[in-house]
Amino acid sequence: MLEPSTKAGLVSIRDLPKVVDDAVKAANKRLGTVPDTAPAHNVKKWEIYGRVIRDLGQAGKFADAVSAEVAKSGIAVSPATLIIDKHIWCGFIERPNIPVDRNF
Amino acid sequence: MCPSAQPDMEDARIFGVVAGTPEQPRLAYLKQSAAVTDEMLESLGDLAPTQVFRYAARCEESRCAQFDKGCCSLGRRIADLLPPVTESLPSCQIRPTCRWYVEIGAAACLRCPQVVTMVPEGQGELAKVALPKT
């Protein structure tokens with residue numbers, strides 16, 4: 001059994017970015033995963049949670065409505081509508097996964 | 001509140017960062033003013049948020065596999081099976097409403113910093129403690 005020898009750490013707002021950065025590195029090492037070191041020129045890991053809908057006019061309203069409902073649960077989301085070929089996808093994207101504009 | 005929650009649970013909030021070393025994770029507790037930003041969450045890449053942050057959320061009680069006989073069996077096992085890793089109570093935002101503290105008291109707090117919500121393979125003792133009895 002380990003003997004308690006230290007006090008638990010306390011993180012201030014000033015130190016938080018570095019602590020999070022170190023925690024990400026440690027988690028990648030702990031899990032044996034490869035950190036994302038690729039140049040940030042592509043969009044990754046985004047998903048729209050919602051439905052395929054036929055009426056583009058309704059898509060925005062649906063996305064807004066479902067996002068508002070989800071937000072009531074405390075989950076940070078943004079409404080999203082996407083057209084791919086003949087399909088209209090609408091719903092929400094969780095805020096941490098929102099694609100970021102990049103210059104290609 | 002559940003002190004080992006998932007980010008999608010009701011009233012979920014981050015109260016600590018999984019600091020320490022890869023071999024020996026230790027929770028660093030957030031001061032009241034320290035809020036995790038969207039940019040920090042974006043920096044996780046493909047990591048599960050629970051590998052970097054500890055979340056508290058409303059206890060799901062009987063909907064959770066750890067809930068047994070009106071109490072959190074996970075907190076009980078942590079207090080019984082894991083060693084204390086800090087010499088004094090951490091400065092923790094959620095203690096007044098923490099289910100582990102309410103049910104077990106300071107014994108849970110002295111062991112809490114070693115808890116990672118999603119236990120990776122290879123963290124033997126933690127993994128054993130995490131599993132409810134079947």
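From the N terminus on, chain A runs β-α-β-α-β-β. That makes two helices and four strands in chain A. The model is predicted, and the predictor gives the complex an ipTM of 0.73 and a pTM of 0.64. Chain A has 104 residues, and 23% of them are buried. Take the contacts in chain A between residues at least 6 apart in sequence: 51% of these join residues at least 24 apart.

Confidence in chain B comes next. Its mean pLDDT is 87. In chain B, 88% of the residues reach 70 or more. The values vary along the chain. Helix α3(B) has the highest confidence in chain B, at 97. Helix α5 of chain B, residues 124-130, has the lowest, at a mean of 63.

Now look at where the two chains meet. The contact takes 35 residues from chain A and 41 residues from chain B. On the side of chain A that touches chain B, two elements give two or more residues: β1 (9-11) and α1 of chain A. The largest share comes from α1(A), with 14 residues. By type, this side of chain A divides into 19 nonpolar, eight polar and eight charged residues.

Strand β1(A) also pairs across the chains. Its partner is β3(B), and the two run in the parallel sense over three bridges. Find Gly9(A) to see the pairing. Opposite Gly9(A) stands Ala28(B), in β3(B).

Next, turn to the nonpolar cores. The largest one has 49 residues. Ala23(A), Val17(B), Val18(B) and Val52(B) have the most contacts inside it. Several elements each supply at least two residues of this core. From chain A there is α1 (16-31). From chain B there are the strands β1 (2-5), β2 (13-20), β3 (25-30) and β4 (53-57). The helices α2 (73-81), α3 (99-104) and α4 (106-109) of chain B belong to this group as well. Helix α1(A) gives the most to this core, with seven residues.

Val17(B) is a good place to stop. Leave aside residues up to four places away in sequence. In chain A, Val17(B) then touches Val11(A), Val19(A), Val20(A) and Ala23(A). In chain B, Val17(B) touches Ala28(B), Val52(B) and Phe53(B). Two of these partners, Ala23(A) and Val52(B), are also among the residues with the most contacts inside the largest core. Another partner, Ala28(B), is the residue that stands opposite Gly9(A).

Apart from the largest core lies another, of seven residues. Among them are Ala59(A), Ala80(A), Cys90(A) and Ile93(A).

Last come two points in the backbone. Most residues other than glycine have a negative phi. Asp85(A) is not a glycine, yet its phi is positive, about 50 degrees. Look for Asp85(A) in the loop between β3 (77-84) and β4 (87-94) of chain A. Asp85(A) counts as exposed because it has 5 C-beta neighbours inside 10 Å.

Chain B has such a residue too: Asp11(B) has a positive phi of about 60 degrees, although it is not a glycine. Asp11(B) sits in the loop between β1 and β2 of chain B. With 14 C-beta neighbours inside 10 Å, Asp11(B) therefore counts as partly exposed.

Technical notes. Residues numbered from 1 in each chain as written. Chains lettered and ligands numbered in written order. Predicted model: local features only at pLDDT ≥ 70, side-chain atom pairs only at ≥ 80, totals over all residues. Core = buried A, V, L, I, M, F, W, Y, C linked by C-beta atoms within 7 Å. Buried ≥ 20, exposed ≤ 12 C-beta atoms within 10 Å, placed from the backbone. Contact = placed C-beta atoms within 7 Å. Nonpolar A, V, L, I, M, F, W, Y, C, P; charged D, E, K, R; others polar. Pairing = 2+ DSSP bridges. pLDDT = per-residue confidence, 0-100.
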